Amino acid sequence: MKKPHVIVIGAGPGGLAAALLLAKAGVNVFVLERLGVVGGRCSQLQIGQYKFDRGPTFLHYPCALREIFRAIGRQLEEEIPLVRLDPMYRLFLGQRGYLDATADISRMVEQIKKFAPQDAPGFEKFLRDNRRKFAPVIRCLQRPFDRIYHYLSREALGLLPVLRPHKTLHQDLAQFFRDPDLQLAFTFQSKYLGMSPERCPSMFSVLSYLEYAYGVFHPIGGCNAVPRRLAELAQQFGAQIHLNEEVQEIFFEGRRPIGVRTQNDAYPCDALVINADFARCMQRLVPDRLRRRWSNQNLEKKRYSCSTFMMYLGIEGQVEGLLHHNIYIPPNYREYLKDIEERHVLSNEPAFYVQNACITDKTLAPPGHSTLYVLVPVTHQHPNVDWKKERLRFREMILDRLERIGLKDIRSRIRAELIWTPADWEAWEIFRGATFNLAHNLGQMLYFRPHNRFEELERVYLVGGGTHPGSGLPTIFESSRLSARLLLEDFGFETEWLRPGPLEQPLVSLPD
């Protein structure tokens, strides 16, 4: 069999995982990355001697990544040192104090009793409900949805009783917790998808369940350790990775790509895997005449996730009083979400997330120093917000707000700093600066999301947050396995080794 030549556009975690699997199958793989490092939104950012993850900092549900390594005959934990975090994170609930999210059920119930005694039984009910929901949801996300009749599959039909499409995530959680703050404690994970609980479909309550059932982990060196290792292994299996080479044009013969051009050279291909930001890549590289469902006009009409205002801070000394992951949820959280999704303005009472990684990982800062990664969900790019004017004002406000989680002397200890706004994300080739890609409402999920075997073109496959099953590292890795399998099947390769294995047992046990 003639080995097909496959070009992968983008060396993000999805593109690298797909490149690794394709190279393992014997395909000629050529990865072209516009940046000078691998990882994309999961790349490493270094400011002096301080190292940060640019984007994702949570590694939850490592089972998806473990299956990638299993498929190539390796063990995840042997390739990437992981530390399980427990408590997983600290949730500051306005002025009511904080809750340390832990997989220890008895400790969690005792904490819930301090906030709302009547809701204490709801925690185990929530876990049991999502344990039933988990298998059909995961199996549904592990299969392609490139035909409308796939909704009639056994997996999809099995999902209907638990999907509750008539309910939002917030409404679903209300059956377990009456206290509004506790509802938020188990729904804020919708921000992983760039959505509010009031808009997010109820099926995504499994995101919170995954954390409690399968753990939250920190890879030593940061989450970027994952794409770095994927890149090394892909090269060991024969893939070529070219950094600082931006694809500037795709050559088409009809609807089929036959090659690409970078600033350095032109490269032929038999198939294309796209790991770039979906909407921006379509507009820049695929002629509008070749796209009907995802035309420029239709892309403008789609709903997109929120963006993020970022502060990467190198701090002198240790940061006391925080866990590795810390999330502040303001008392007016629902109004704040409307500011993001409906009014598209900046709130004076935002939620924010702070990673204090050096309490777990000393490799990220010089001895005696720390890194603080501060993320504030904000509206994606919109005429209502001019970041040239707001950048410094918002920085000062967030530094003030950090006092609400006990960080009172941070300004005087900052030794390195980078501010990153939605305008910077947009300039970084992310459509509207929407860091979590297309939103995940019911009209933009499963069949209605861009397909893994891209429906508009021939021999083009998508990986990453812009395709099925969606954004977030676990689902991105599932997209890589799905798209690699579809590509290999189209070229006549055996793909049984890429089929999903048995679901792993959760780390916590629950009575029936």
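Here are a few exercises on this predicted model, each with a worked solution.

Residues are numbered from 1 along each chain as its sequence is written, and side-chain values use heavy atoms, with hydrogens and water left out. Since the model is predicted, local features need pLDDT of at least 70 and side-chain atom pairs count only at pLDDT 80 or more, while totals for chains, interfaces and linings use all residues.

**Exercise 1: two aromatic pairs**

Work out how the rings of Tyr328 and Phe352 are arranged, then do the same for Trp425 and Trp428.

Step 1. Get the rule straight: rings of Phe, Tyr and Trp (its six-membered ring) pair if their centres lie within 6.5 Å, and planes under 30 degrees apart count as stacked, over 60 as edge-to-face and the rest as tilted. That rule gives 31 aromatic pairs.

Step 2. Tyr328 and Phe352 have ring centres 4.9 Å apart and planes at 20°, so this pair is stacked. Tyr328 belongs to strand β16 (residues 325-329) and Phe352 to strand β17 (residues 352-355), so to speak two distant parts of the chain, 24 residues apart, linked by the pair. Helices (H or I, at least four residues) and strands (E, at least two) are DSSP runs, numbered from the N terminus.

Step 3. Check the burial, where buried means under 20% relative accessible area, exposed over 50% and partly exposed in between (1.4 Å probe, protein chains only). Tyr328 is buried at 3% relative accessibility, and Phe352 is buried at 2%.

Step 4. Now for Trp425 and Trp428: their ring centres are 5.8 Å apart and their planes stand at 75°, so you'd call this pair edge-to-face. Trp425 is buried at 2%, and Trp428 is buried at 13%.

**Exercise 2: around β16**

Find the strands that pair with β16 and say which way its side chains point.

Step 1. Two strands pair if DSSP finds at least two bridges between them. Strand β7 (residues 89-93) runs parallel to β16, with four bridges, and Phe92 is opposite Tyr328.

Step 2. β17 is joined to β16 by four bridges too, and these two run antiparallel. Here Ile327 is opposite Tyr353.

Step 3. Look at the two faces of β16: His325, Ile327 and Ile329 point one way, Asn326 and Tyr328 point the other way, and all are buried. In other words, five of the five residues in β16 are buried.

**Exercise 3: a three-stranded sheet**

Which strands stand at the edges of the open sheet β11-β12-β13?

Step 1. The three strands come in that order, with antiparallel pairing.

Step 2. β11 (247-253) and β13 (266-268) each have a single partner strand, so they are the edges, and one side of each is left without a neighbour in the sheet.

Step 3. Neighbouring strands here are turned by 25° against each other on average, direction ignored; axes are lines fitted to C-alpha atoms, for helices over the stretch in contact, and angles run from 0 to 180 degrees between N-to-C directions.

Step 4. Zoom in on one pairing: β11 and strand β12 (residues 256-262) share six bridges, and Phe252 has Pro257 as its bridge partner in β12.

**Exercise 4: helix contacts and cover**

Describe how α2 meets α16, then see what covers α11.

Step 1. The axes of helix α2 (residues 63-71) and helix α16 (residues 473-490) come within 8 Å and cross at roughly 30°.

Step 2. Contact means heavy atoms within 4.5 Å. On the α2 side it involves Ala64, Leu65, Glu67, Ile68 and Arg70, and on the α16 side Pro474, Phe477, Glu478 and Arg481.

Step 3. Turn to helix α11 (residues 278-285): six of its eight residues are buried, so the rest of the structure largely encloses this helix. Those buried residues are Phe278, Ala279, Arg280, Cys281, Met282 and Leu285.

Step 4. Their cover includes β1 (5-9), β11, β14 (271-274), α12 (296-301), α15 (422-427) and β20 (460-462).

**Exercise 5: a loop glycine**

Is Gly465 buried or exposed, and which residues does Gly465 touch?

Step 1. Gly465 is in the loop between β20 and α16.

Step 2. With a relative accessible area of 11%, Gly465 is buried.

Step 3. Leaving out residues up to four places away in sequence, Gly465 touches Asn437, Arg449, Gly470, Ser471 and Ile476.
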